[in-house]
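Student: Hi, could you walk me through this structure? I'd like to start with the overall picture and then get into details.

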Amino acid sequence: METKEQRSEATVSRQLRCLAIGSGKGGVGKTVVSVGLSVALVEMGYRVLLFDADLGLANVDLQIGIDPVFTLQDVVYGECPLEQAVASVPGGPDILAASSGAREMATMSESRRDILVDDLIKFSAGYDFLIIDTEAGIGAGAIAFLQAMPQVNVVVANEPTSVMDAYSLIKILFGQPVPPEIRLVVNSVKTEDEGLRLAARLNEATKRFMGRTIETAGIVLYDSVVGDAIRARRSVVQFSPQSAPALCLRHLAQSIVSSSKARDFGKPMKRSAFGNIASVGQGDSHLEGQV
Ligand SMILES: Nc1ncnc2c1ncn2[C@@H]1O[C@H](COP(=O)(O)OP(=O)(O)OP(=O)(O)O)[C@@H](O)[C@H]1O
Ligand SMILES: [Mg+2]
């Protein structure tokens, strides 16, 4: 068991890793996955900042049970510094919440977004993971955040529209000048086999029409306990730690940690205002060998 001192020592030399959770179709489980993954990474000893970038229909705060006094909107409009808008969840990640229904946020100008991103980059230096929950679809807001990240996990459910829309999103991301690493998270399936078959189907299409296949980062099983957890405003990982979705989300967290060891997804990106996001990373984490 790590002492508090050892933990803070590890924090000093930790390396920031940045990833986004996206989807073509809405309502397929992006927020369930973002929140659950964040909690699972915190359980593993990582420091996680979860940023709700769904600027029009924010809902991370609802699913994790915080009632933020200040939100991203207050930061963007100069009402408070970014650190004041970050809420902590016991045993969970720190959250930078968006404000739901703020249309002016959803249509934020590029220069405002750049200022916000600069602040976010500086602030993220104290974390191991920056996880961005984005809005669904292929609109400018979603793509701006997704294409800026070194790794995007696309959530897909087993419905024809979800698969079609995931395909469209993947195509757009692959079409970027410097595409992010794209991985798949299959959500709400009854069996692992159903998830594997869905991933294989999608990969047949991406291979045929884009010449590339996509690794499956995780499969999250369907369980009505997820709905119960949302009603209790807690992550399913904390609400029902031994449930199938909680175990799947922990497995996903492990897969993301492994992928971050194999490929450095905190490296600088030249594609946007997020360009120097990794320069805040400070070498290898002492934690790496322990998980
Ligand atoms: N693995 C699961 N098992 C059972 N229900 C699930 C699962 N994942 C998600 N759900 C259900 O799907 C609903 C939508 O999930 P969530 O809010 O995470 O989707 P979203 O993609 O973030 O939606 P939006 O695009 O609106 O942001 C939840 O209310 C939850 O009840
Ligand atoms: Mg959501």
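Tutor: Happy to; we'll go from the whole chain to the ligand, then to some helices and one arginine. One thing to keep in mind is that this is a predicted model.

Student: Sure. How many helices and strands does the protein chain have?

Tutor: There are 12 helices and 8 strands in the protein chain.

Student: And what share of the residues counts as buried?

Tutor: Of the 291 residues in the protein chain, 47% count as buried. As for contacts between residues at least 6 apart in sequence, 77% join residues at least 24 apart.

Student: Okay, on to the ligand. Which residues are closest to ligand 1?

Tutor: Gly26, Gly29, Lys30, Thr31 and Val32 are the closest, out of 21 residues that surround ligand 1.

Student: What's the chemical make-up of that shell?

Tutor: The shell around ligand 1 has 9 nonpolar, 9 polar and 3 charged residues. Helix α2 (30–43), strand β7 (181–189) and helix α10 (225–231) each supply at least two residues of that shell.

Student: Let's switch to helix packing. At what angle do α8 and α9 cross?

Tutor: Helix α8 (residues 160–174) and helix α9 (residues 192–210) cross at roughly 40 degrees, and their axes come within 11 Å. That angle makes α8 oblique to α9.

Student: Left-handed or right-handed crossing?

Tutor: The crossing of α8 past α9 is right-handed.

Student: Which side chains should I look at there?

Tutor: On α8, look at Val163, Ala166, Tyr167, Ile170, Lys171 and Phe174; they meet Leu198, Leu202, Ala205, Thr206 and Met210 of α9. By class, this contact has 9 nonpolar, 1 polar and 1 charged residues.

Student: The α8 spacing looks regular. Why would that be?

Tutor: A general point helps here: an α-helix has 3.6 residues a turn, so residues three or four places apart point the same way.

Student: Nice. Which residues of α7 are buried?

Tutor: In helix α7 (residues 140–148), the buried residues are Ala142, Phe145, Leu146, Gln147 and Ala148. They pack against strands β1 (17–22), β5 (129–133) and β6 (151–157), and also against α8.

Student: Last topic: where is arginine 47?

Tutor: Arginine 47 sits in the loop between α2 and β2 (48–52).

Student: Buried or exposed?

Tutor: Arginine 47 counts as buried, because it has 20 C-beta neighbours inside 10 Å.

Student: And how far is arginine 47 from serine 124 in space?

Tutor: The two are 10.0 Å apart, C-alpha to C-alpha, while 77 residues separate arginine 47 and serine 124 in sequence.

How values were computed: Residues are numbered from 1 along each chain as its sequence is written. Chains are lettered from A and ligands numbered from 1 in the order in which they are written. This is a predicted model: local features need pLDDT of at least 70, side-chain atom pairs count only at pLDDT 80 or more; totals for chains, interfaces and linings use all residues. Axes are lines fitted to C-alpha atoms, for helices over the stretch in contact, and angles run from 0 to 180 degrees between N-to-C directions. Helices (H or I, at least four residues) and strands (E, at least two) are DSSP runs, numbered from the N terminus. Angles under 35 degrees count as roughly parallel, over 145 as roughly antiparallel, 65 to 115 as roughly perpendicular and the rest as oblique. A crossing is left-handed if the near helix is turned anticlockwise from the far one by less than a right angle, and right-handed if clockwise. Two residues are in contact if their C-beta atoms, placed from the backbone, lie within 7 Å. Ala, Val, Leu, Ile, Met, Phe, Trp, Tyr, Cys and Pro count as nonpolar, Asp, Glu, Lys and Arg as charged, and the others, Gly among them, as polar. A residue is near a molecule or strand if its C-beta atom, placed from the backbone, lies within 6 Å of it. A residue is buried if 20 or more other C-beta atoms lie within 10 Å of its own, exposed if 12 or fewer, and partly exposed in between; C-beta atoms are placed from the backbone.
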